[in-house]
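Thanks for making the time this morning; I would like to walk you through one part of a fold, starting from a single element and working outwards. Please have the sequence and the structure in view while I talk.

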Amino acid sequence: MSTYQNPNPQQTPIVAGVFQSENQAKVAVDELRKHNFAHDQIGVAIPEKSQVDSLSQDFMKLGVPQQKASYYESEFNSGHIVVSVRPDGREGEAENILRDSGGYDQGEKKMGEEPPMENEGER
């Protein structure tokens, strides 16, 4: 998971994760709520259910770099759910909850993916 500091010092960082299923995202949101993250700290973008003009623009307004914001929009447009959290100083906790619930971020292994096969000649 990645944490992004908004250039506006009045706002806190954003933590986000991508989920392959609605059930995984629901588990993540339920866990965040169990750990006292408020409804206004949690955002969920579900393809075909969310009224989103440009997810990347929304993320960039929150301080997420363009490259990462574009990644989230690409995942969203591919049918994946994006859960974001305004952690208010609890970044590590939010990241762990998202990851433990099946969330992933750019460069991380997606849940259910097989590890790459080793080349027999490299052993």
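What you see is a predicted model, and I will begin with strand 4, which has both of its faces covered, since Ile81, Val83 and Val85 on one side are buried and so are Val82 and Ser84 on the other. Put as a count, 5 of the 5 residues in this strand are buried. As background, side chains in a regular strand alternate between the two faces of the sheet.

Now, which strands pair with strand 4? Strand 2 does so in the antiparallel sense, over 5 bridges, and within that pairing Ala16 stands opposite Ser84. Strand 3, residues 42-45, is also antiparallel to strand 4, here over 4 bridges, with Val44 as the bridge partner of Val83.

Turning to the packing, the largest nonpolar core has 14 residues, and among those with the most contacts inside it are Ile81, Val83 and Val85, together with Phe19, Leu32, Phe37 and Leu98. At least two residues of this core come from each of strand 2 (14-19), helix 1 (22-34), strand 4 (81-85) and helix 4 (91-100). There is also a second, separate core of 13 residues, which includes Val82 as well as Leu55, Phe59 and Tyr104.

To finish with one residue, what does Val85 touch, if we leave aside residues up to four places away in sequence? Its contacts are Pro13, Ile14, Val15, Leu32, Phe37, Gln41, Ala94 and Leu98, and of these, Leu32, Phe37 and Leu98 were named a moment ago in the largest core.

Note on methods: Residues are numbered from 1 along each chain as its sequence is written. This is a predicted model: local features need pLDDT of at least 70, side-chain atom pairs count only at pLDDT 80 or more; totals for chains, interfaces and linings use all residues. Side-chain values use heavy atoms; hydrogens and water are left out. A nonpolar core is a set of buried Ala, Val, Leu, Ile, Met, Phe, Trp, Tyr and Cys residues joined through side-chain atoms within 4.5 Å. Buried means under 20% relative accessible area, exposed over 50%, partly exposed in between (1.4 Å probe, protein chains only). Contact means heavy atoms within 4.5 Å. Two strands pair if DSSP finds at least two bridges between them.
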